[in-house]
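Please open the model in your viewer and keep the selection panel at hand. The tour moves from one pocket to another.

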Amino acid sequence: MEKLKIEMVKEESNTKVQSKSEYFDAAKNIRLVPRFCEKTVDKYFPQFEKIAHNLNWPKPYWTTMLQSVFEGKAAEIYSALPSEKSSDYDTVKQEVLKAYELVPEAYRQKFRSYKKFDSQTYVEFAREKEDLFDKWLTSKKTDNNFDNLRQLMLLEEFKQCVHLDLKTHLDDKNC
C-alpha cells in the first residue's frame, strides 16, 4: 500500500512539473521582445526570430509578442487581419513586409542605388551591400543556384536595354 502511495505521489509531482514547463508566461517575456522600428523592418524579423528561438518561445505565442511592439503601418496591418490569420506568424510577417514594400524589386533598387556614406568604413559599406544583395536573391528565390542567379542577372540586364513599355510588361508578367 505504501509503495502505491509513493508511486501516486511521484506521478502527481511529475505531472505538476510537466504542466509548469509547458506553461508560457508572455507577460514575463514581453520585455525581451526587440523594439520595432519602421525604418528597419527587414532586419526586425530575423532578429525577433533569433531571440524567440534562443529563448524557446512557443511559436503560437510569437504573434502575441509581436503585436505588443508593432507601431505605424505594422500595427494597422495586424489589426486589419482576421483572427485566424493574425495568429499565424508567417502570415503576419508576410503581410507586414508586403505593407512596407519589401518585395524583390524594392530590394533590387536598394541594392543598386546604395552608396557609401562618409561616416561608413569600406568594410561596413561592403557588408551592407552584401546584405542587400542577399535579400534581393532570397526574395527572388534563387536558392543559391548559379543558373537561377544567371537568369536573374541576364533578365535585369535585358530590361535595362529595352523600351520602358516592354520592361513594364515583363515586370507585370513576372517573367
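What follows is a walk through two pockets of this predicted model.

**First stop: the largest pocket**

Begin with the largest pocket, whose volume is about 550 Å³. Select Leu97, Leu102, Tyr107, Thr138 and Ser139, which, of the 18 residues that line this pocket, are the closest to its centre. Next, colour the helices α3 (41-54), α7 (89-99), α8 (104-113) and α9 (122-139), each of which supplies at least two residues of the lining of the largest pocket. Which helix gives the most to this lining? Select α9, for that helix contributes five residues to the lining of the largest pocket, the most of any. If you then colour the lining by residue class, you should find eight nonpolar, three polar and seven charged residues around the largest pocket.

**Second stop: the second largest pocket**

Move on to the second largest pocket, which holds about 250 Å³ of space. Here select Glu105, Arg108, Lys140, Lys159 and Asp171, the closest to the centre of this pocket among the 15 residues that line it. Keep α8 displayed, since α8 supplies at least two residues to the lining of the largest pocket and also at least two to that of the second largest pocket. Then add α10 (146-161) and α11 (164-172), each of which likewise supplies at least two residues of the lining of the second largest pocket. With five residues, α10 gives the most to this lining. Coloured by class, the lining of the second largest pocket divides into six nonpolar, two polar and seven charged residues.

Definitions and conventions
Residues numbered from 1 in each chain as written. Predicted model: local features only at pLDDT ≥ 70, side-chain atom pairs only at ≥ 80, totals over all residues. Heavy atoms only, no water. 1 Å grid on protein atoms, 1.4 Å probe; cavity = no way out; pocket = protein on both sides within 12 Å on 5 of 7 lines; lining within 4 Å. Points joined across faces, edges and corners; volume = space filled by probe spheres on them. Helix = DSSP H or I, 4+ residues; strand = E, 2+ residues; numbered from the N terminus. Nonpolar A, V, L, I, M, F, W, Y, C, P; charged D, E, K, R; others polar.
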